[in-house]
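Here's a quick tour for anyone meeting this protein for the first time. Have a look at the sequence and the model, and then we'll walk through them together.

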Amino acid sequence: VELKQTAFRIDGVFLPPEGSEQPVYFVEVQFQKDPLLYRRLFAEVFLFLQKHPDVQQWCAVAIYPRASLEPDDNEAYDCLLKSNQCQRVFLDELDPNQSVTLGLVKLIVEPPSSAVALGKQLIQQAREQPLPSLSTETILNILETIIVYKFPYLTSQEVASMFAISDLK
């Protein structure tokens, strides 16, 4: 059987530093139901591995806003999905208290009714526990961007007022 190769586009391929023993991460972000997601994802992974024979360690990561969007037909890939080479992340199940960065990711899928409270919690957490990799200003900018998209009818001043902070731009 001859198969013609189609173009594959992986949402993210994270390569480890050269000489590192860390795995290559293949990331797919899926915000709508796609029954063929795993078929496509693993085809992409294995095509990449064929083209890069030096890669030994890898991990596929599928990110969903909620578990209900995960494909139902997983039988063909069940062994991979149950292995440590595949991780599934459901954003609505993340614990924002674990870290500010996880909280920012969760804020993306948080319903508007609870997004303000989570945003306030993240601002306080960012100020009390600064991260070495992200400044408080950067966290505030990311938070503002998420909130502006979540509440497009609010002005920057209204967003700043909502969070009782003055340093939003």
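How many disulfides does the structure hold? The structure holds zero, with a disulfide taken as a pair of cysteine sulfur atoms within 2.5 Å. Before going on, a word on the ground rules: this is a predicted model, where local features need pLDDT of at least 70, side-chain atom pairs count only at pLDDT 80 or more, and totals for chains, interfaces and linings use all residues. Residues are numbered from 1 along each chain as its sequence is written, and side-chain values use heavy atoms, with hydrogens and water left out.

**The cysteines**

A disulfide is a covalent bond between the sulfur atoms of two cysteines. For Cys59, the closest cysteine sulfur belongs to Cys86 and sits 6.8 Å away, which is too far for a bond. Cys79 is in no disulfide either, since the nearest cysteine sulfur, again that of Cys86, is 10 Å from it. Cys59 is buried at 3% relative accessibility, while Cys79 is exposed at 62%. As for those words, buried means under 20% relative accessible area, exposed means over 50%, and partly exposed is in between (1.4 Å probe, protein chains only).

**Two nonpolar cores**

In soluble globular proteins, nonpolar side chains tend to be buried together. Here a nonpolar core is a set of buried Ala, Val, Leu, Ile, Met, Phe, Trp, Tyr and Cys residues joined through side-chain atoms within 4.5 Å. The largest one has 20 residues, and Tyr38, Phe42, Val45, Trp58 and Tyr64 have the most contacts inside it. Two or more residues each come from β2 (24–29), α1 (37–51), β3, α2 (78–81) and β4 (86–90). These labels follow DSSP runs numbered from the N terminus: helices are H or I with at least four residues, and strands are E with at least two. The most generous giver is α1, with seven residues.

What does Phe42 touch, leaving aside its neighbours within four places in sequence? Phe42 is in contact (heavy atoms within 4.5 Å) with Trp58, Ala60, Tyr77, Leu80, Leu81 and Cys86. Apart from this core lies another, of 18 residues, with Leu118, Leu122, Ile139 and Leu143 among them.

**How the helices pack**

Two packed helices are described by the angle between their axes and the distance between the axes. The axes are lines fitted to C-alpha atoms, for helices over the stretch in contact, and angles run from 0 to 180 degrees between N-to-C directions.

Take α3 (residues 100–109) and α5 (residues 136–150): they pack at an angle of about 10 degrees, with their axes 9 Å apart. That makes α3 roughly parallel to α5. For such words, angles under 35 degrees count as roughly parallel, over 145 as roughly antiparallel, 65 to 115 as roughly perpendicular and the rest as oblique. On the α3 side, the contact is made by Val100, Leu104, Leu107, Ile108 and Val109, and on the α5 side by Ile139, Ile142, Leu143, Ile146, Ile147 and Lys150. By class, that comes to ten nonpolar, no polar and one charged. In this count, Ala, Val, Leu, Ile, Met, Phe, Trp, Tyr, Cys and Pro are nonpolar, Asp, Glu, Lys and Arg are charged, and the others, Gly among them, are polar.

Helix α4 (residues 112–128) also meets α5: their axes come within 10 Å and cross at roughly 175 degrees. α4 and α5 are therefore roughly antiparallel to each other. Their contact has nine nonpolar, two polar and two charged residues.

**A few residues up close**

Here are four residues side by side.

| Residue | Element | Relative accessible area |
|---|---|---|
| Val61 | strand β3 (residues 58–64) | 9%, buried |
| Lys106 | helix α3 | 12%, buried |
| Ile108 | helix α3 | 44%, partly exposed |
| Arg40 | helix α1 | 29%, partly exposed |

Contacts with residues up to four places away in sequence are left out for each of these. Val61 touches Tyr25, Phe26, Val27, Glu28, Gln87 and Val89. Lys106 touches Leu91, Asp92, Leu94, Pro96 and Leu118. Ile108 is in contact with Ile146 and Lys150; Ile108 and Ile146 are 38 residues apart in sequence, and their C-alpha atoms are 6.3 Å apart in space. Finally, Arg40 touches Phe8, Glu28, Gln30 and Asp34.
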